[in-house]
Amino acid sequence: TIPNSVTSIGEDAFSDCTSLTSITVDAANPAYSSVNGVLFDKAQATLLQFPGGLGGSYTISNSVTSIGTNAFAYCGLTSVTIPNSVTSIRVGAFFFCTSLTSVNLPNSVTSIGDYVFQYCPSLTSVTIPNSVTSIGNETFQQCFHLTSVTIPNSVTSIGNYAFEACPSLTSVTIPNSVTSIGVGVFNNCQSLTSVTLPNSVTSIGDYTFDGCASLTSITIPNSVTSIGELAFYDCSSLTSVSIPNSVTAIGDSAFDGCTSLTSVIIPNSVTSIGASAFDNCTSMTAITVDTNNPAYRSVAGVLFDIGEDTLIQYPSGNTNRSYTIPGSVTSIGEDAFASCSSLTSVTIPNSVTNIGDYAFEDCTSLTSVTLPNSVTSIGGGVFEFCPGLTSVTIPNSVTSIGTYAFARCSSLS
């Protein structure tokens, strides 16, 4: 029971009180009121706290315009009816409502705050009305049984990790109104098979489709200028991707672990490719670069910088048993030959001075390698997990050997 003297109640004051069935407010209190054990402000315009020990269904009063922060968090409700009077649903309003199966959002709602339906594992579907302009960070994160979601044309931004770890979500259509997609929006949506990106989207953020193992194809619109770090990491079913001429930057590990991707064409617009961008693409046999690209080139399907000074990526799916690095190369990039399981030998020319981290990691068939006297440093994990490697000669030009450089080389004696 809240006495009439209380004029300020902080956020989460009664949150996660899972045995609490009623909150009573003294009728003379000037700031707060209660109806059927539910806590409101005095005017009953803001629903502040629904007791965590109550379950079943609940209909919010028409006087309510705002659902407060964590108002229903941790409660046992199965359904909630939200009236047309509500315009705002604040942070974490239905967080951890594990029994909530359905919710209808009225056309009056203009924004859905951060974490609003986070970890509502029983929620199967939700219709977002066309009054909503933004979906907050982690709004539907870990809604394990959410199979479909309709995003209306009114939405302009989707927050970070908004649908992360929704493993039952199979398809999503993003309308043309959306201009901003946050970090990791569909991260680890393992059943997502298709997604439509509109021409309004200008960037694909870091981790956006990370771990979407069922995603088979995606069309990147020519409005996109950048593909973020790990954007398609471990999309193991992705067989093709078309990178438009609008893209200027591809982030670190952007397509790392796309084991079904067979080839990729880098357009002339791309001037920045991050480390390990195409690492562990074990079906990829060739990387092709547009001949007009000012920063990169490909030779026999191998990716180099424009001057062929740095070997950036040897395609992991190339079945050739041996490879001779061109004499122009001075540096072998990070993960450049990683997971090239067919290679048994690599010839490194005297021009090479640096071998980047994990350059030959997981080259399981590599039996021997000769390092020239020009090499001064061997990066971390360079030959890690090369179980067929029986011998290696380190020249006296080498001044540093990185951590785990020869780790798990079980045949190296």
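In this predicted model, strand β3 is joined to strand β5 (residues 66-67) by 2 bridges, and the two strands run parallel. Within this pair, Leu-47 of β3 stands opposite Ile-67 in β5. Strand β3 also has a partner in β2: 2 bridges connect β2 (residues 38-41) with β3 (residues 46-49), here in the antiparallel sense. Leu-47 appears again in this second pairing, as the bridge partner of Phe-40. Leu-47 therefore takes part in both pairings, facing Phe-40 on the β2 side and Ile-67 on the β5 side, where two strands count as paired if at least two bridges are found between them.

The connection between β2 and β3 is a hairpin with 4 residues between the strands. In its turn, Gln-44 has a positive phi of about 60°.

Ser-15 leads back to this part of the chain. Ser-15 lies in the segment before β1 (32-35), and its contacts, leaving aside residues up to four places away in sequence, are Gln-49, Asn-70, Ala-73 and Tyr-74. Of these, Gln-49 falls within the residue range of β3. Is Ser-15 buried or exposed? With a relative accessible area of 16%, Ser-15 is buried, because the cut-off for burial is under 20%.

Further along the chain, 4 strands form an open sheet with parallel pairing, in the order β17-β19-β21-β23. Its edges are β17 (203-204) and β23 (272-273), each of which pairs on one side only. Strand β21 (residues 249-250) is joined to β23 by 2 bridges in the parallel sense, and Ala-249 has Ser-272 of β23 as its bridge partner.

Another open sheet contains 7 strands in the order β25-β26-β27-β29-β31-β33-β35, and its pairing is mixed. Strands β25 (296-299) and β35 (400-401) stand at the edges with a single partner strand each, so one side of each has no neighbour in the sheet. Inside this order, β29 (residues 331-332) and β31 (residues 354-355) run parallel and are joined by 2 bridges. Ser-331 is matched there with Asn-354 in β31.

Asn-292 lies in the loop between β24 (286-289) and β25. Asn-292 counts as exposed, because its relative accessibility is 59% and the cut-off for exposure is over 50%. The C-alpha atoms of Asn-292 and Val-80 are separated by 58 Å, the two residues being 212 residues apart along the chain.

These local features belong to a protein chain with 0 helices and 35 strands. Its radius of gyration is 28 Å, well over the 22 Å that the globule rule gives for 413 residues, so the chain is more spread out than a compact globule. The C-alpha atoms fill a box of roughly 90 × 45 × 30 Å along the principal axes.

Across the 413 residues of the chain, 50% count as buried. Among contacts with a separation of 6 or more, 25% come from residues 24 or more positions apart. The chain exposes about 15900 Å², of which carbon and sulfur atoms supply 46%. The chain carries 5 positive and 25 negative charges, and the mean positions of the two groups are 4 Å apart.

Definitions and conventions:
Residues numbered from 1 in each chain as written. Predicted model: local features only at pLDDT ≥ 70, side-chain atom pairs only at ≥ 80, totals over all residues. Heavy atoms only, no water. Rg over C-alpha atoms; globule rule 2.2 N^0.38 Å. Buried < 20%, exposed > 50% of the residue type's maximum accessible area, 1.4 Å probe, protein only. Contact = heavy atoms within 4.5 Å. Areas by Shrake-Rupley, 256 points an atom, 1.4 Å probe, with all protein chains shown as cover. Lys, Arg positive; Asp, Glu negative; His and termini not counted. Charge placed at Lys NZ, Arg CZ, Asp CG, Glu CD.
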